[in-house]
Structure formats: C-alpha cells, structure tokens
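Let's take a walk through a protein model together. Have the viewer open and follow along.

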Amino acid sequence: MKSSILGAAPLAALTLAFGAAAAPAAPAAVPPAAVLPALAPATITVASFPDLDRAVKTAMPLWDKLYPHVKVKLVSLQIDDHHNSMTTALAAGARLPDVMAIDFRYVGSFAESKGMEDLLQAPYGAGQYRAQFVPFTFVQATSSRGTLGAMPADLGPGTLFYRKDLMDKAGIKESELTASWESYIAAGKKLKAATGTYLLAGASDLADIVIRANLKDGEGIYFGDKGQVLVDSPRFVKAFELAKAARVAGIDARTVAWTGEWAEGFKRDKVASQMMGSWLSGHLAKWLAPDSKGQWRAANLPAGALASYGGSFYGIPKKAANKAQAWEFIKFMTVNKDIQLHSLKEIGAFPALKAAYADPMMDEPQAYFGGQKTRLLARDTAARIPVIRVDKFDAVARDIVNMELESVLAQNKDIKTALADAKALITHRARR
C-alpha cells in the first residue's frame, strides 16, 4: 500500500517499541502452542513506513501472546526516506533491520538486490505458499535470477473513489464517470461548472493510472521483456494526452499527492474523486476525510481499466541478526488469514492471501461508503489484474516520466518530445 504524510511536513523518524502502551484488541484467537515453532528469545527490528506500520502495530497484541519472548521494535520513516535508507544500508551491509517492508514501487529493485535473502530457499521454503496468494504478487517480488526477495502482504486493486453528494448536485451519474476516460473528463467539466469543485487533485493522477492500466500478463510498466524502454509507446502518449486535457479543462486542483495541500482538498470538499488502490478507503475514512462519512462511493476505473496500484511486501536482509524470528514474523503478517483481515479492517490494506477472500468480512457493508460493499468490488478487481513484471529500474523510470509529465502540464512541452526525452534519459540511467 501507499504511505500517508500527516500535514505538509515530512514524517520524522519514529521508533516504537510495543507492549507498554494500551494496544488494540487482538485480531484473532491464539492457536494451540503445539503448532508454534520454538524461537529463541530476541528483539527483532521491523523497518516500515506509514500506513503499513500501523498494520504491524495493530497486530502486536496477538503476536505478543504467541511469542512473548520475541519482542518487536518498529522503526518507521516516510516512504521514500525509508526505501532510500534501506538501499543505503544494503549497499553498506550495515544498520539493517531483521524485517524490511517494501512498497510495490521499489520491490523490483530490492528483489534484484543480492543483499536480500532468497525466501524460496531453505530454511524459508516460501514456494509452498505461492498458490495461496493472488498470482501476480509473487511475480512482482521475483528477481531475474528467479529468487524471491520478499513475501506479499497486501495489494492495491485500482479503484475510483468519488463524492456521490457532489456528483448529485451536478446531476452526474456514476456511469458518466466510468464509461470512458473522455466521459470522466467531461463529467469533471460539468462538476466544476455546477459546484466549483475539482474532479481531480492532480492531472498527473490520471496519467499514473492510465500508464499502468490494462497491461498484458508478463508485461512491464516501463520496460519490455528484453529490457527495452516503453515510455514512448501509445499507452504513455494516451496517458499524457488525457492528463493534459484535464489540466486544460481546469478540473484538477494542481496538488501533489501526499502533501498537506493535497489532504486539505479532501477535508474541505475541494476535490470530488481520486483514483488509487482500494487501500485508499482506509485513508479517506480515518485521515483524509473522516467527516465525509456516507458521502463517498467506490467504482471501477473508467473505460473498464484494470490496474494494480500499490502493494506491500516483507523481506529479510542477508545480514539480519535474527532470521528465524524474522521469518516467523513475516509468515505471521502474510500467511495468517486473521492478520490479513485485521489489516483490511484497520487500515484498508487489501489482502494478498486468497483465503481471506471467502471470509464474510468481504460482504460487510461499509458505513463510510453509504453502506456500499466496497470490498467485493476490490476482490473482483484483484482477481482480474494481470501479472505485471517489475524491473529494478522501475523507480528511476517513474521519476523521469513524472518529471517530463510536469514539463507537459506546467510548461506546455510537446508530448512526443517529452516522452522521447524520457526514453533517452531512462536508457542512459539504466545503461540500456
């Protein structure tokens, strides 16, 4: 899942040791002691980022009952700072945690790192769990060498969230938002004229979804199967054109995701929709727009688009000090259905474990979304998302594409020129 930043200031480093403070209710019953492996007493460090860190925090009451002699110290940094710190630590072979949380955007790079344990090998044997997960998740964390750098924890079925009350004021039906990308933009014009509200927080959000939508099994977002750079393909041209159309139409608030200004747009009813992973439901309800309970709805992406937007993983550095305890913790967070469902309930993190999909919790109406059964929508989308191949240079390519998109939106740079420049720079940075 993606991180959240409270307010405009970046989140400072936060180190939390659980047990002394009042903790949330345990998410599940304790299994018989006989099924638990014997673990030596230890304190393991889990390095994570918001809001995934809260999934760890809320699961601690059960962990403490299962393994009272294995303490967990959670170290959390803002998402980019976290991954930069972990990259530096892997390169130096020092100051490494026992468990490393990894966001989807970075998993290709970390999976390729030779500093991570291959979880397919003994003593881990993660391959035995592969069939229990949504197929595309294991592929995302698999390196070009066939090693598994991390276990999937959650995923992000692409979803359109929108304010039904504001759409009703403008006479806009859900079908106008979802029929096509062009109808979505047209609805934005209608909304702005009738209410003064922006449809989008930022036009770049539109491009970001289109870029990753409707890929074929085995296709990469930025790179082809032979490493060729894809960013000048029709998919990227279309994404840039739609973002430019939204900006010209004046339907985006021109804010940058995860900033204080971006968050205020939802709180102050200035932004009426957001396309992201289904996990945004938890952010909307508990952080971005808690006072808008009952007014938001969830829908499929426009034009029938299917996209994976986000996802989280846990890996073990080769130089971790407590690998046996780390592996047990990772299994606790990923293979345990009750913990997966607890994370869904607490932070909206959609399970990567298929066993969770048959649970009655999926069918529960969500009061925040006016009684809509949003989890069923996410579950059905997850089942249809293709297997997307990741690359260790995905994060580099993403930053360069975003830079060129900003040139198009803010400086009116020609789209094909911008994408050609992006391709050249990515090729140079990736040395391809």
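The paragraphs below visit a helix, a pair of strands and a few backbone details.

This is a predicted model, in which local features need pLDDT of at least 70 and side-chain atom pairs count only at pLDDT 80 or more, while totals for chains, interfaces and linings use all residues. Residues are numbered from 1 along each chain as its sequence is written, and side-chain values use heavy atoms, with hydrogens and water left out.

Let's begin with helix α1, residues 52-66. Helices here are DSSP runs of H or I with at least four residues, strands are runs of E with at least two, and both are numbered from the N terminus. The expected span of a helix is 1.5 Å times one less than its number of residues. For the 15 residues of α1 that gives 21 Å, and the end C-alpha atoms are indeed 21 Å apart, so the two values agree. Even so, α1 has a kink of about 50° at methionine 60, shortly before proline 61. The bend at a residue is the angle between axes fitted to the seven residues ending there and the seven starting there.

How many residues of α1 are buried? Eleven of the 15 are, which leaves the helix mostly covered. Buried means under 20% relative accessible area, exposed means over 50%, and partly exposed lies in between, using a 1.4 Å probe and protein chains only. Both Met60 and Pro61 are among the buried residues, as are Leu52 and Trp63.

Just ahead of this helix, a cis peptide bond joins proline 50 and aspartate 51, with omega about 5°. Aspartate 51 sits in the loop between β2 (42-48) and α1. Another cis peptide bond links alanine 122 to proline 123, with omega about 10°; proline 123 belongs to the loop between α3 (104-112) and α4 (135-140).

Next come the strands. β5 (residues 151-163) and β7 run antiparallel and are joined by four bridges; strands pair if DSSP finds at least two bridges between them. Arginine 163 has tryptophan 296 as its bridge partner in β7. In a regular strand the side chains alternate between the two faces of the sheet. In β7 (residues 296-299), Trp296 and Ala298 point one way, Arg297 and Ala299 the other, and all are buried.

Following β7, alanine 303 lies in the loop leading to β8 (308-315). Its phi is near 60°, a positive value in a residue other than glycine. Alanine 303 counts as partly exposed because its relative accessible area is 37%.
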